[in-house]
Amino acid sequence: MNNSLSGTRNWRKIVVYVILILWALISLFPVYWMLTFSLKTNSEIFGENVVGLPREWVWENYKRALHTGNMPRYFLNSLIVAITTIVITLAASVMATYAMTRLHWKGRKRMNSFFMLGLTIPIHASIVPLYTTLAKLKLLDTLWALIIPYSAFSLAMGILVCTGFMGDIPYDLDEAAFLDGCGVWGTFFRVIAPLMTPAVATVGIYTFLQCWNELMFANVFVNSDKWRTLPVGVQSLSGQYTTDWGPIGAALSIATIPTLIVYIFLSKKIQDSFIAGAVKG
Amino acid sequence: MNKPFRYKVNIFLFLLPALLLFVGVLIAPIIMSTVYSFTEWNGFTTPEFIGFKNYVELFTSRSINIQRALKNAFLLAILSCCIQLPFALWLALRLSRPIKGKTAFLSIFFLPVLISTVVIGQLWLKIYNPDYGVLNVFLRSIGLDNLTRIWLGDKKTALGAAFVPILWQYVGYHMLLMYAGIKGVPVELTEAAMLDGCTQAQVSRYIIIPYIRPILRVSVIFAITGSLKSFDLIYVLTNGGPNHATEVPSTLMISMLFLRNRYGMGSTIAVMLIILCFAFALLINMLFKEEK
């Protein structure tokens, strides 16, 4: 009796592991496949060796991906957009959070709920007005056309995370700083802002991933090749070189490797930042 | 030296950057979109006010066929709730029990969420490639030649083939949310139930799942509103084709705006989407409250 019970239990455990491992393989397969075919020749990709490791490592593909089209440019644009957006989002949300949690005034709770609306507003809502307004301001087809909207849409998440972290800072610190003669600005810059580094990491990572991968705005607000970000650039490259899979694989890999590196070193932090955005939303 | 006044000015200054961004990019455009949705406008001439004409046309025009786009989006929402979420919940429940390789599984399952949808779309385009794609190559290698298809080019299979990567990509996201929720269930609760002789399945059914209802609610809202808004992967994989078989509201909106220069009608679709998303979020909130 006992034996058969533990027998079924073992059997069940094996089934669970098989499903988990199978799903892990399915989750990893596209990335694995991308990284391997980015190093293969067409004849390997198209028949001789479809899913195996490359027999001959064709680094040439990466060279070609970097030289055809504007890959380095797209990469640089994506980097500039992501970094500027992170800086703006962080500055705006740390400042706003300070006003809403450490300073005393009527309506600060309501102001916070107002900002939290941003968690649910779809980007579709602003696409036409943004397009026409950016055109009027002559900002269309510049990197600002992406940086400004990205910062605005990351703001709610930034404030949400900062509110959590700022709540953990003891209020005695503000009072001590005040007694030492610091005004609100002094307290903010010398006491609160330096203690916000954990929030900086969480907000920064989340914002980085959003900017790095965003497609709809990037596709609509930027037209000329020299201001394209990676998603749009890679998309247009893939349309041009449909039969040359190796270099396209290399281009896709170049767009993905930064994310992979960040994930390998900060997986826990990244997962936490995604959870933080959802728990309240 | 009026201190309270200076204090107020300071509060305002601290809020200013966030307010400018938020009102300028999110709040004002919603209002503007709503106004545009009542106009006929090509982006160059002055908008002409036409009342509800766009809305009437949107729901009656055969050529726009919003019904098909909405049907596709709702189908995706249903698939997401019936397949993606239960599977994500199962993974989360399994991984929250002691199990070897837990962190590795969690990290791997979450990985697709982080990768750019363009990259994922391009990779699946290649997986589905009729001549050299892994899917058809695999089917041929096990002798199932008659099952090979032009997956994204055939009206019958295109929608299903486009949905698979969308559902696949976000399983890990829902799993992670649910996993975080399960971690928050007090250990005393589950241990007491186990001591009373409950099986793992009973603990999950009667203690963990009721406890993580707030997270499940968030997941359902994300799954449904996300499906209604879905754009990226459809855009990369099929862009609404073949012959509009995989059109969703967002792809219709973009083609209205930037292929046909109908800014009024594009705004109408946007407004409809916003209303639908908020309505569903409210509805789901109500459903989850009532059941309590």
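**Entry 1: a loop in chain A**

I began with A:Asp141, which I found in the loop of chain A that lies between α6 (127-136) and α7 (144-167). I note at the outset that I am reading a predicted model. What is the phi of A:Asp141? I looked it up and found a positive value of about 65 degrees, although the residue is not a glycine. I wrote beside this that most residues other than glycine have a negative phi. I then asked whether A:Asp141 is buried or exposed, and I entered it as partly exposed, because 15 C-beta neighbours fall inside 10 Å, and that class lies between the limits for buried and exposed.

**Entry 2: a loop in chain B**

I turned to B:Asn261, which sits in the chain B loop between α12 (249-258) and α13 (263-290). Its phi is near 55 degrees, again a positive value in a residue other than glycine. B:Asn261 counts as partly exposed, since 13 other C-beta atoms lie within 10 Å.

**Entry 3: chain A as a whole**

How many helices and strands does chain A have? I counted from the assignment 13 helices and zero strands, so that the order of elements from the N terminus is written with α throughout, as α-α-α-α-α-α-α-α-α-α-α-α-α. Chain A is more spread out than a compact globule, because its radius of gyration is 24 Å, well over the 19 Å that the globule rule gives for 281 residues. I also noted the spans of its C-alpha trace along the principal axes, which are about 75 × 75 × 35 Å. Of the 281 residues of chain A, 43% count as buried. When I looked at contacts in chain A between residues at least 6 apart in sequence, I found that 76% of them join residues at least 24 apart.

**Entry 4: two residues of chain A**

I looked up A:Trp212 next, and I placed it in helix α10 (residues 197-213) of chain A. A:Trp212 is buried, because 23 other C-beta atoms lie within 10 Å and the class needs 20 or more. Which residues does A:Trp212 contact, once its neighbours within four places in sequence are left aside? I listed A:Ser78, A:Ala82, A:Leu230 and A:Thr259, together with B:Ser116 from chain B. I also checked A:Trp212 against A:Tyr150, and their C-alpha atoms are 10 Å apart in space, while the two residues are 62 residues apart in sequence.

A:Val232 belongs to helix α12 (residues 230-240) of chain A. A:Val232 counts as buried, with 23 C-beta neighbours inside 10 Å. Leaving aside neighbours within four places in sequence, I found A:Val232 in contact with A:Leu215, A:Ala218, A:Asn219 and A:Val222. A:Trp11 is 221 residues away from A:Val232 along the chain, and their C-alpha atoms are separated by 48 Å.

**Entry 5: where the chains touch**

How many residues does each chain bring to the contact? I recorded 64 residues from chain A and 59 residues from chain B. On the chain A side, helix α13 (residues 245-280) gives the most, with 11 residues. Sorted by class, the side of chain A that touches chain B has 48 nonpolar and 16 polar residues, and no charged residues.

**Entry 6: helix pairs in chain B**

I compared the directions of helix α3 (residues 66-96) and helix α7 (residues 158-183), both of chain B, and found that they pack at an angle of about 40 degrees, with their axes 7 Å apart. That angle makes α3(B) oblique to α7(B). Their crossing is right-handed. The residues of this contact divide into 21 nonpolar, five polar and one charged.

I then followed α7(B) to its packing with helix α10 (residues 213-229) of chain B, where the angle is about 165 degrees and the axes are 9 Å apart. How do α7(B) and α10(B) run, roughly parallel or roughly antiparallel? I entered them as roughly antiparallel, because angles over 145 degrees count as such. α7(B) passes α10(B) in a right-handed crossing. The contact is made by B:His174, B:Leu177, B:Met178 and B:Gly181 of α7(B), with B:Ile215, B:Val218 and B:Ser219 on the side of α10(B). By class, I noted four nonpolar and three polar residues in this contact, and no charged ones.

Conventions:
Residues numbered from 1 in each chain as written. Chains lettered and ligands numbered in written order. Predicted model: local features only at pLDDT ≥ 70, side-chain atom pairs only at ≥ 80, totals over all residues. Axes fitted to C-alpha atoms, helices over the stretch in contact; angles between N-to-C directions. Helix = DSSP H or I, 4+ residues; strand = E, 2+ residues; numbered from the N terminus. Parallel < 35°, antiparallel > 145°, perpendicular 65-115°, else oblique. Left-handed = near helix turned anticlockwise from the far one by under 90°. Nonpolar A, V, L, I, M, F, W, Y, C, P; charged D, E, K, R; others polar. Contact = placed C-beta atoms within 7 Å. Buried ≥ 20, exposed ≤ 12 C-beta atoms within 10 Å, placed from the backbone. Rg over C-alpha atoms; globule rule 2.2 N^0.38 Å.
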